[in-house]
Amino acid sequence: MPPRLPTRRPRRVLLTPVALAILLVLTGCGSGTKPVSPTATTESAASPTLAPGEVSVSSLLDRIDLAWPGVTSMRATSWTGQYDDPVQAVAGTPPADQMVTVEQVVKPSSRSISTTIGGAAVDDQVAVDGIVYFRGQSVTSAIAPFLSATAWVRVDPTMVPADSPVGQQLAYLTAPLGPPYGAVSDDLRARGATLTGQVSAGGRTCDVYAFTDAAPGDTGIAYSLSLDNAGLPCSLTQSAGGYANVTIWTFNDPAIAVTPPSNAVTTSGTPVSQAP
């Protein structure tokens with residue numbers, strides 16, 4: 001499978017398939033993740049020259065930045081599947097047997113992350129006004145393994161070291177909603193993107209731009225980013241080897257809601273993943 005899509009996504013506490021766990025391509029780091037230091041050469045490649053009709057990836061990201069202040073709520077649905085065409089991936093639905101992650105954010109301070117595999121819930125995380133709740137694999141693998149996977153657990157952030165995996169996830173869940181990409185390299189920002197058509201995604205008709213991170217003579221990773229008329233992202237795919245990582249966004253939909261559980265227990269002491 002290709003590396004994960006260039007979107008800012010949470011660092012998971014639970015151990016799940018890498019393809020949907022941490023996004024590291026355009027995202028130099030999401031909340032709680034550290035950029036990987038280069039181990040080979042640090043020499044930068046020459047910035048590509050835009051061909052006639054191309055726009056820079058940087059200009060597309062600038063459009064997102066300009067539109068972002070108008071966002072009050074967001075839903076991002078992500079999955080990985082096998083597709084011959086990136087546009088086909090966006091137009092389709094998640095494969096029935098794959099892991100699907102749905103993140104919802106409502107300003108100013110509510111966020112939820114739900115993960116399913118084959119339609120069955122495996123993990124849920126909710127943060128409302130700085131209070132954080134977990135249920136599922138994150139509880140049984142990293143927080144309170146003596147509890148059932150169906151139990152909601154309220155985690156006190158003051159009891160968790162900030163630099164621990166659980167602490168880093170707490171920081172992400174309680175962070176303000178920012179644009180859905182992380183640190184982007186200068187080289188990738190300078191790459192040319194070509195308008196290839198339109199796609200319907202998230203209930204919007206959006207312009208599709210294609211670009212790649214490939215060096216001359218290399219196949220690289222193919223990206224397909226679609227933006228609506230306001231400049232907000234509709235979809236993003238990253239394709240290589242017949243696989244595509246897909247993210248589809250919805251914004252400012254009244255149906256987007258984050259509700260805290262009413263039956264959560266409170267952990268005491270340090271989560272198991274923090275034990276020395």
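User: Why is Arg-191 called buried?

Analyst: This is a predicted model, and in it Arg-191 has a relative accessible area of 12%. Buried means under 20%. The value 12% falls under that limit, so Arg-191 is buried.

User: What makes Arg-191 and Asp-187 a salt bridge?

Analyst: Their side chains meet with N and O at 3.3 Å. The cut-off is within 4 Å, so the pair counts as a salt bridge.

User: Is Asp-187 buried or exposed, or something in between?

Analyst: Asp-187 is partly exposed. Its relative accessible area is 23%. Buried needs under 20% and exposed needs over 50%, so 23% belongs in between.

User: How many salt bridges does the structure hold?

Analyst: The structure holds 4 salt bridges. One of them joins Arg-204 to Asp-228, with the closest N and O atoms 2.7 Å apart.

User: What does the pair of Arg-204 and Asp-228 tie together?

Analyst: Arg-204 lies in strand 9, and Asp-228 lies in the loop between strand 10 and strand 11 (233–240). The pair therefore ties together parts that are 24 residues apart in sequence.

User: How do you know whether Arg-204 and Asp-228 are buried or exposed?

Analyst: Look at the relative accessibility. Arg-204 has 16%. Asp-228 has 10%. Buried means under 20%, so Arg-204 counts as buried, and so does Asp-228.

User: What makes Arg-111 and Glu-103 a salt bridge?

Analyst: The closest N and O atoms of Arg-111 and Glu-103 are 2.6 Å apart. That is within 4 Å, so the name applies. Arg-111 is buried, at 4% relative accessible area. Glu-103 is buried too, at 2%.

User: Why can side chains of opposite charge pair?

Analyst: They can pair when their charged atoms come close.

User: How do you know that Cys-206 and Cys-234 form a disulfide?

Analyst: Their sulfur atoms are 1.9 Å apart. The limit is within 2.5 Å, so the pair is a disulfide. A search of the whole structure finds 1 disulfide.

User: Why is the disulfide of Cys-206 and Cys-234 called left-handed?

Analyst: The torsion about the S-S bond is about -80°, so the disulfide is left-handed.

User: Which parts of the chain does this disulfide link?

Analyst: It links distant parts. Cys-206 is in strand 9 and Cys-234 is in strand 11, 28 residues apart. Cys-206 has 0% relative accessibility and counts as buried. Cys-234 also has 0% and counts as buried.

User: What is special about the peptide bond from Lys-107 to Pro-108?

Analyst: The bond is cis, with omega near 10°. Most peptide bonds are trans. Pro-108 is found in the loop between strand 3 (99–106) and strand 4 (110–117).

User: What is notable about the phi of Asp-129?

Analyst: Phi of Asp-129 is near 55°, a positive value in a residue other than glycine. Most residues other than glycine have a negative phi. Asp-129 is found in the loop between strand 5 (120–128) and strand 6 (131–136).

User: Why is Asp-129 called exposed?

Analyst: Its relative accessible area is 57%. Exposed means over 50%, so Asp-129 is exposed.

User: How is Asn-252 described on phi and on exposure?

Analyst: Phi of Asn-252 is near 55°, again a positive value in a residue other than glycine. The relative accessible area is 36%. That lies between 20% and 50%, so Asn-252 is partly exposed. Its place is in the loop between strand 12 and strand 13 (265–266).

User: What makes Ala-96 exposed?

Analyst: Ala-96 has 68% relative accessibility. The mark is over 50%, so Ala-96 counts as exposed. Ala-96 sits in the loop between helix 2 (86–91) and strand 3. Leaving aside neighbours within four places in sequence, Ala-96 is in contact with Gly-118 and Gly-119.

User: Which residues touch the most other members of the largest nonpolar core?

Analyst: They are Trp-68, Met-74, Phe-211 and Phe-251, out of 25 residues. Helix 1 (57–67) and strand 2 (73–82) are among the elements that each supply at least two residues of this core. Helix 1 gives the most, with 5 residues. Apart from this core lies another, of 15 residues, among them Ala-127 and Phe-134.

Key:
Residues are numbered from 1 along each chain as its sequence is written. This is a predicted model: local features need pLDDT of at least 70, side-chain atom pairs count only at pLDDT 80 or more; totals for chains, interfaces and linings use all residues. Side-chain values use heavy atoms; hydrogens and water are left out. A nonpolar core is a set of buried Ala, Val, Leu, Ile, Met, Phe, Trp, Tyr and Cys residues joined through side-chain atoms within 4.5 Å. Buried means under 20% relative accessible area, exposed over 50%, partly exposed in between (1.4 Å probe, protein chains only). Helices (H or I, at least four residues) and strands (E, at least two) are DSSP runs, numbered from the N terminus. Contact means heavy atoms within 4.5 Å.
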